[in-house]
Amino acid sequence: MTARLRRYTPFATSGLQSLLQYRSMFAMTAMTAAAGAAVTVFLWRAVYAGTPGRGPGGFTVEDITTYLLVAQILQVLHTNRVDDEVAAEVYRGDVAVMLVRPVSYPVMRFFACLPVVGANAVLVGLPVLGLFALLVPLTAPRPADLLLFTVSTALSVLLAFCVNLLTGMTGFLTTNTWGVRMVKQSVVAFFAGQLVPLALMPGPLAALAKVLPFRGMVDGPLTLLLGRYDGWTDAAGVLVQQAAWAAGLSLLCAALWRAALGRLEVLGG
Amino acid sequence: MIVAERLVKEFRLAERKPGLLGSLSTLLTRRHRVVRAVDDVSFEIPAGTKTAYIGANGAGKSTTIKMLTGIMTPTSGRCTVAGLEPYRHRQRNARTIGVVFGQRSQLWWDLSVPDSFRILRRVYDIPEPVYRRNLDLFRELLDIDALGPTPVRQLSLGQRMRAEIAASLLHDPAVLFWDEPTIGLDMVLKDAVRHLVNRAHRELGTTVVLTSHDIADIGAICDSALVVDHGRVVHQGTLKDLLRTADHRSVVFDHRDGTAAGTVRARIEAGLPGVRATPDDGGRIRVDYPAGRYTSRQVLTFLLDHFDLADWYAPEPGLEDVLRKIYGRARVPGDTPDGAGRTPDGAA
Amino acid sequence: MTRTMMRYLRLAWFLGGVGLHRLAAYRMDFVLGAGAFLVRVGIQTAVVGLVFRQVPAVGGWSYHEVLFLLGFSLLPRGLDHLFTDQLWELGRKLVQRGEFYRYLVRPVDPLFSLLSERFFHPDGLGELVVGAVLVGYAGSELGLSLSPVQWVLAPVLVLCGALLHTSVKLLFASLSFWTVTSMPAMYAANQVSEFSAYPLDIYHPSLKALLTWVLPFAFTAYVPCVYLLSGGTGLLGWLPVVTAGALALALTVWRRGVNRYEMTGS
């Protein structure tokens, strides 16, 4: 098992290497994230401005600020470039070249994106968090919640990988993956609760968001971080739902990948 | 038509270290080193000639062509094409020249070839009769119609090159710069391309500057040669002159003596020290001799004296051999090759 | 001078025709792009709607006023999108892959030559239509009636906004002449432009200053909307100055970048 995994470490290191060549990339990703966070944070802070204590959805001003800021940072962790790179490789036909290597393409992609996630967390996530901590008051989480949040974040990264891989694989179907990616980005951001917490959505919309897998990408981890759950069973429920979706989507990815390869062979690459 | 005076082009290259740690360190610091791609180059290409611009990889060919086409500004020195400095008068120069860079496309990536041509017609203000005439010519020789409505980015290399070549000729340019124009073309199309450029030269007096890794292209198109190496001109003149600089000549002969090939070879190499004799499969002998040490008269006299010659001929020195020699010699430090630094006499 | 102008106008007209022609050839792509865009604006509108479920006004702006602003912000963006989308390619790869040279060997202005490759980008049409619908709907809900001067100025405001978007895009795309690729910078600037879809009054003062004087997206939607909705001229007087300044700066950087351009590799 370890020997098999070791085969994939070069993909992880080379992924990091190619990333580090663009040092400006991190500064810009950070700026993008900060800008994105600022729009939602200030929009919702304006809503809570007139309400002291707990406002709509049971959030305080600090809570909602923390929620939206961390939501944006989670989104940065989920931007692993898998969707555009897979789409581009499918489009250019480079996927055929990948097939001759003795490794599984989706697994290789997963390892290649891990360092991207790590680098984004350290070089983008932390500075943006620090910047906002200076500007606006935030809620400090309890240590236990922080632990739960960490586990939940790891699962959310896996979820995001699957979603992005599926998005990238639409390259087998259409050349305009740009449009598909834009739809994915908007829909995921909305139903994950990145722009509006699920607690502030009207009943039917919230119900829909709760059964979709995207909820586990932002709203799930943040529910745990802010301690917005009823006892341990409730917290475990969030994690179990995430894990179940992660497993389900992984299986879906594997099945669709096989199907796509069959199609590729028929088309002759 | 084309004049280069003491042309120099330098680049600053960022140094990257290999490996993961190397990438990490380039994140923090970046060192530069200066590379002189074109080193004090002067030459003159008269109007109506077809010049092969020859040099090994990294010899500064492409850089010089980029300066002549106005894409790059020289670090120092100047060059003119039809009296204009290309990098100063880019748009006016662009009307005079036609360009093909084999490695890169200059067509409208998302459009089909016919659409690209229609745009080029407007952009270059090509008169209708000229456009029609050239289009007919391309149809006949390059089978342009077969490219159909496919966007350029989806064409194969060979198909794209046909379109690129046609695009460079569409506006009857006075000067053609072709950098590796026959990449990806099969024999038939190569012939068509050679035919096209020679026809333009004959009928319109087009000046041609060509670089190619395909020696056959050079032989079939060019009458002059400009050889650069390591950023310097090492030869300029007609292609025939260049071939004359070969330091070896050869004679191939057949004989009726019945002497074993090995003996023949030993006898020649003993009688003419420094000469190499190689028997081929058909029983013929090839004799290569240094041009400086022996005259052809000496060699032929020796052969006539010692063998009963049935047939003989002297092949022209190969361009490839000449070039291999030139590159090798220019690499020896302190050696000043002929033709370098020749000062041209004013603008064309 | 006028002859050159006429020549470029004729070329632009022709290229627009080619662009429309291509639109027909890539109908599926267009539908997908336009659909994606509709989804995005739809979600943006939904977020605004959800915000106003909680409170009647945000930063002194009512629901329909914010919708008006959101819709108006799409107009200059769409107009800019229609003509200058090829700048993204410049920032992304044209310098990196050494493909930029092709604009220097054509007998037209390099900027025109560059933009000509994706003239009349259909996605821009989608933005214009959606923006106009939103503005129309919100305007009628608000019972807005513009004075004759406002009617005359409105298209000028959209045009200035589009020029501002173009200037910022051109400036950041031109950085690629120095940095080889400037995609992240362009992307970040584009992200910042999203701020213009909401009232500036809700932002931190430093952010408000940034959007007004550094990356002046405030002038693309907020300032015009304040004028159209309330008649308050406030910063409106600065609009032509800022537009001209941004355009001049962007063109300068572009020119210097082109001069500096060196092709990668051989």
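This section describes the confidence of a predicted model, its two interfaces with chain C, and its salt bridges.

The complex is a predicted model. The predictor assigns an ipTM of 0.83 and a pTM of 0.77 to the complex. For chain C the mean pLDDT is 87, and 97% of the residues score at least 70. Within chain C, helix α7 (residues 148–174) has the highest mean pLDDT of the elements, at 94. Helix α1 (residues 2–25) of chain C has the lowest, at 80.

Chain B averages a pLDDT of 82. In this chain, 89% of the residues score at least 70. Confidence in chain B peaks in strand β7 (residues 207–211), with a mean of 93. Helix α1 (residues 19–28) of chain B marks the lowest value, with a mean of 57. In residues 331–348 of chain B the pLDDT is below 50. That stretch still has 25 contacts in the model beyond near neighbours in sequence. Chain B is divided into two domains: domain 1 covers 2–243 and domain 2 covers 247–316. Their C-alpha centres lie 43 Å apart.

The interface of chain A and chain C was examined next. Chain A contributes 34 residues to the contact and chain C contributes 31 residues. About 3000 Å² is buried between chain A and chain C. Carbon and sulfur atoms give 79% of that area. Three residues, A:V39, A:F42 and A:L43, supply 18% of the area that chain A buries against chain C. No other three residues supply more. On the side of chain A that touches chain C, two elements give two or more residues: α3 (23–48) and α9 (177–191) of chain A. The largest share, 13 residues, comes from α3(A). By class, this side of chain A has 26 nonpolar and eight polar residues. Charged residues are absent from this side. The count of salt bridges between chain A and chain C is zero. One residue pair in polar contact is found across this interface, with both residues at pLDDT 80 or more.

The interface of chain B and chain C follows. Here the contact takes 31 residues from chain B and 32 residues from chain C. The two chains bury about 2900 Å² between them. Carbon and sulfur atoms account for 56% of this area. One salt bridge is found across the interface of chain B and chain C. B:D125 pairs with C:R7 in a salt bridge, and the closest N and O atoms are 3.1 Å apart. Three residue pairs are in polar contact across the interface of chain B and chain C, both residues of each being at pLDDT 80 or more. The side of chain B that touches chain C draws two or more residues from each of β1 (2–15), α2 (61–68), α3 (90–96), β5 (97–101) and α4 (113–123) of chain B. Helix α4(B) gives the largest share, five residues. By class, this side of chain B divides into 14 nonpolar, six polar and eleven charged residues.

Salt bridges were also counted over the whole structure. Over all chains, the structure holds 41 salt bridges. One pair within chain B links the side chains of B:R6 and B:D40, at 2.8 Å from N to O. B:R6 lies in strand β1 of chain B and B:D40 lies in strand β2 (residues 31–45) of chain B, so this salt bridge ties together parts that are 34 residues apart in sequence.

How values were computed:
Residues numbered from 1 in each chain as written. Chains lettered and ligands numbered in written order. Heavy atoms only, no water. Contact = heavy atoms within 4.5 Å. Buried area = accessible area lost by both parts, 1.4 Å probe. Salt bridge = Lys/Arg side-chain N within 4 Å of Asp/Glu carboxyl O. Polar contact = N/O pair within 3.5 Å; in protein donor to acceptor, adjacent residues only side chain to side chain. Helix = DSSP H or I, 4+ residues; strand = E, 2+ residues; numbered from the N terminus. Nonpolar A, V, L, I, M, F, W, Y, C, P; charged D, E, K, R; others polar. pLDDT = per-residue confidence, 0-100. Domains from an automatic or database assignment.
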